Amino acid sequence: MSKKVTLVIEPHSDDSLIAAGGYFLKYKDELDLHFCLIAASDLQLHHGFVSRQTRLDEYERYVNVVGGKWLRPEVNGEQLPLDKEARLDTVNRSFLVKFCENVIHSLRPQLLMIMGPSFHHDHTIVYEAVIAATRPTFSYTPQTIYLMENPTYVHQPYPMDFSPNLYVEMTEDLVQSKIAIFNKVFASQIRSKHNYLSDETLMRWARYRGLEARCDFAEAFRQYYARI
């Protein structure tokens with residue numbers, strides 16, 4: 001059986017692992033994973049300085065660990081990821097849309113996965129660029145589009161927060177494996193115990209989504225579009 005061609009477009013290097021690492025691990029034999037990272041830069045974060053090169057090295061390790069392929073399209077001589085992390089609001093929107101169009105058109109994925117909009121402007125900008133790139137008049141539309149989340153999405157600038165309508169059931173061991181990969185490949189992003197992106201919170205979040213899904217643990221998504 002052929003694997004489902006899956007494209008993950010994400011603004012930041014650790015977004016999809018936090019959101020969907022369990023899904024990738026659970027269905028690793030059924031997914032042909034491709035990753036497209038939009039931005040990576042030197043950053044002074046609350047827990048310390050992280051260089052662009054560290055972000056790139058960590059992302060390469062992550063993609064390799066989950067058995068994926070890293071796609072780095074070019075537009076007008078510039079290649080992704082852009083050196084604009086946390087500054088995507090300074091990039092021309094049509095330029096970002098073109099990157100998304102190029103990678104979607106060339107790969108023609110069956111499943112497209114993107115971060116949902118949030119208080120972080122990078123997430124919202126990439127979300128809007130991908131939605132523009134998959135407009136009804138574009139040359140290719142994936143069969144399914146999933147929106148991803150992370151625990152910080154409890155803080156939303158919109159009247160309705162992230163409302164999942166699709167859950168992936170997980171075991172505790174699967175959640176632990178996802179967290180172990182996070183700690184192994186994204187050492188620069190490890191947070192303290194009470195942070196929203198700490199090991200403890202990721203486990204609690206999986207349990208909370210599991211409660212919603214009537215199981216022990218789960219990851220949650222919003223199905224934006226599906227054609228069957």
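This is a short walk through one protein structure, from its overall form to a central strand, its salt bridges and a few backbone details.

Please keep in mind from the start that what we have on the screen is a predicted model. The secondary structure of the protein comes to 6 helices and 11 strands. Its radius of gyration is 17 Å, close to the 17 Å that the globule rule gives for 228 residues, so the protein is as compact as a globular protein of that length. If we lay the C-alpha trace along its principal axes, the spans are about 45 × 45 × 40 Å. Of the 228 residues, 53% are buried, and among the contacts with a separation of 6 or more, 78% are made by residues 24 or more positions apart.

Let me turn to the interior. The largest nonpolar core has 70 residues, and the members that touch the most other members are Ile9, Tyr23, Phe24, Tyr62 and Met113. To take one of these, what does Tyr62 contact once its neighbours within four places in sequence are left aside? The partners of Tyr62 are Glu10, Ser13, Ser16, Leu17, Phe24, Phe35, Val185 and Phe186.

Now I would like to spend some time on strand β9, which covers residues 144-148. All of this strand is buried, 5 residues of 5, so β9 is largely enclosed by the rest of the structure. As a general point, the side chains of a regular strand alternate between the two faces of the sheet. In β9 we can follow this residue by residue, with Thr144, Tyr146 and Met148 pointing one way, while Ile145 and Leu147 point the other way.

Which strands does β9 pair with? One partner is strand β8, residues 111-115, which pairs with β9 in the parallel sense over 5 bridges, and within that pairing Met115 has Met148 as its bridge partner. The other is strand β11, residues 217-226, which runs antiparallel to β9 and is joined to it by 4 bridges; here Leu147 stands opposite Arg222. The path from β8 to β9 deserves a look as well, since β8, helix α4 (residues 121-133) and β9 together make a right-handed β-α-β unit.

From the strands I move to the charged side chains, where the structure holds 9 salt bridges. In one of them Glu101 is paired with Arg135, and the closest N and O atoms are 2.8 Å apart. This pair links distant parts of the chain, with Glu101 in helix α3 (residues 93-107) and Arg135 in the loop between α4 and β9, 34 residues apart. Are these two residues buried or exposed? Glu101 counts as buried at 10% relative accessibility, whereas Arg135 is partly exposed, with a relative accessible area of 32%. The pair also belongs to a network of salt bridges that links Lys98, Glu101 and Arg135.

A second salt bridge joins Arg209 to Glu149, with the closest N and O atoms 2.7 Å apart. Arg209 lies in helix α6 (residues 199-212) and Glu149 in the loop between β9 and β10, so this pair ties together parts that are 60 residues apart in sequence. Both Arg209 and Glu149 are buried, and for Arg209 the relative accessible area is 5%.

Arg209 has a further salt bridge, this one with Glu212, where the closest N and O atoms are again 2.7 Å apart. In this case both residues lie in helix α6, 3 residues apart, which is about one turn of the helix. Glu212 is partly exposed, its relative accessible area being 23%.

Finally, some details of the backbone. In general, most residues other than glycine have a negative phi, and most peptide bonds are trans. Where, then, does this model depart from that pattern? The peptide bond from Leu80 to Pro81 is cis, with omega near 0°, and Pro81 lies in the loop between β7 and α3. Asn76, although not a glycine, has a positive phi of about 50°; it is found in the loop between β6 and β7 and is exposed, with a relative accessible area of 72%. Arg214 is likewise not a glycine and has a positive phi of about 65°. Its place is in the loop between α6 and β11, and Arg214 is exposed as well, with a relative accessible area of 77%.

Key: Residues numbered from 1 in each chain as written. Predicted model: local features only at pLDDT ≥ 70, side-chain atom pairs only at ≥ 80, totals over all residues. Heavy atoms only, no water. Buried < 20%, exposed > 50% of the residue type's maximum accessible area, 1.4 Å probe, protein only. Helix = DSSP H or I, 4+ residues; strand = E, 2+ residues; numbered from the N terminus. Pairing = 2+ DSSP bridges. Right-handed = clockwise from strand over helix to strand, strands pointing away. Salt bridge = Lys/Arg side-chain N within 4 Å of Asp/Glu carboxyl O. Core = buried A, V, L, I, M, F, W, Y, C linked by side-chain atoms within 4.5 Å. Contact = heavy atoms within 4.5 Å. Rg over C-alpha atoms; globule rule 2.2 N^0.38 Å.
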